[in-house]
Amino acid sequence: MAKKIKIKPGKTQSLIGFFVGIVFCLIGILVAIPSAGLFGIFWTIVAVIIIVSNGMNAFSDKGISTHEILIDESSRPIQEGQSLIGKGTAHLDQHANVSELKKDIQLRLKAAEELYQEGTITREEYEEKRKELLKKI
């Protein structure tokens, strides 16, 4: 089963886009519309869209996602004693594998928490992922 995660730009990137959009809008109003007519109107409309989309991402928790990641969750969960590194690690003892599993779960929990705090995933999605990861321990 594949899961989609939507990602929006960071606040700094959105702020930069917001102010660049304002500059483009002013150029459109003051230069492009008077000299280029219909093209100037199109330019200004695009600049307003840039301002609105970047402003939503910069100044609100809800924003417009610009990227989407597809995660394939159909692969088997890692079992105790199974190596996370690859097939050439048969010489590792079981304690090393458990340690790797623990580190992997900790990283995944931290990533899920960061996605929740950024507003990329909902609280329900975060809690579901957290429960799923803790079952692997």
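The second largest pocket in this predicted model has a volume of about 290 Å³. Its lining is made up of 15 residues, and those that lie nearest the centre of the pocket are Lys 6, Gly 63, Gly 119, Thr 120 and Ile 121. Strand E1, which spans residues 2–7, supplies the largest share of this lining, with 4 residues. By residue class, the lining of the second largest pocket divides into 6 charged, 5 polar and 4 nonpolar residues.

With regard to the overall fold, the protein contains 4 helices and 2 strands, and these elements follow the pattern β-α-α-β-α-α when read along the sequence. Of the 137 residues of the protein, 21% count as buried. Among the contacts in the protein with a separation of 6 or more, 62% are accounted for by residues 24 or more positions apart.

The confidence of the prediction varies along the chain. The average pLDDT of the protein is 82, and 82% of the residues score at least 70. Over residues 85–93, however, pLDDT stays under 50, and for this stretch the model has 4 contacts beyond four places in sequence. Where pLDDT is low, the predicted coordinates should not be read in detail.

Helix H1, formed by residues 11–36, has a kink of about 45° that is centred on Gly 28. Gly 28 is also one of the buried residues of H1, a set that further comprises Ser 14, Gly 17, Phe 18, Gly 21, Cys 25 and Ala 32. Helix H2, spanning residues 38–59, is included in what covers the buried residues of H1. Just after H1, Gly 37 takes a positive phi of about 65°.

Within helix H2, attention may be given to Asn 57. Asn 57 has a relative accessible area of 3% and is therefore classed as buried, the cut-off for this class being under 20%. When its neighbours within four places in sequence are left aside, Asn 57 is in contact with Lys 8, Pro 9, Lys 11, Ser 14, Gly 63 and Ile 64. Of these partners of Asn 57, Ser 14 is itself listed among the buried residues of H1, whereas Gly 63 belongs to the residues that lie nearest the centre of the second largest pocket.

Strand E2, which covers residues 67–72, contains Leu 70. The relative accessible area of Leu 70 is 56%, so this residue counts as exposed, for which a value over 50% is required. Leu 70 and Ala 2 are separated by 68 residues in sequence, yet the distance between them in space is 6.2 Å, C-alpha to C-alpha. Not counting residues up to four places away in sequence, Leu 70 touches Ala 2, Lys 3 and Lys 4.

A further exposed position is found in the segment after helix H4 (residues 123–135), where Ile 137 lies. Ile 137 has a relative accessibility of 74% and is therefore assigned to the exposed class, which begins over 50%. In space, Ile 137 and Leu 101 are 8.0 Å apart, C-alpha to C-alpha, although 36 residues apart in sequence.

Definitions and conventions
Residues are numbered from 1 along each chain as its sequence is written. This is a predicted model: local features need pLDDT of at least 70, side-chain atom pairs count only at pLDDT 80 or more; totals for chains, interfaces and linings use all residues. Side-chain values use heavy atoms; hydrogens and water are left out. Buried means under 20% relative accessible area, exposed over 50%, partly exposed in between (1.4 Å probe, protein chains only). On a 1 Å grid over the protein atoms alone, a cavity is a set of points where a 1.4 Å probe fits but cannot get out, and a pocket is an open set with protein on both sides within 12 Å along at least five of seven lines; lining residues have an atom within 4 Å of a point. Grid points are joined across faces, edges and corners, and a volume is the space filled by probe spheres set on the points. Ala, Val, Leu, Ile, Met, Phe, Trp, Tyr, Cys and Pro count as nonpolar, Asp, Glu, Lys and Arg as charged, and the others, Gly among them, as polar. The bend at a residue is the angle between axes fitted to the seven residues ending there and the seven starting there. Contact means heavy atoms within 4.5 Å. pLDDT is the predictor's confidence in each residue, from 0 to 100.
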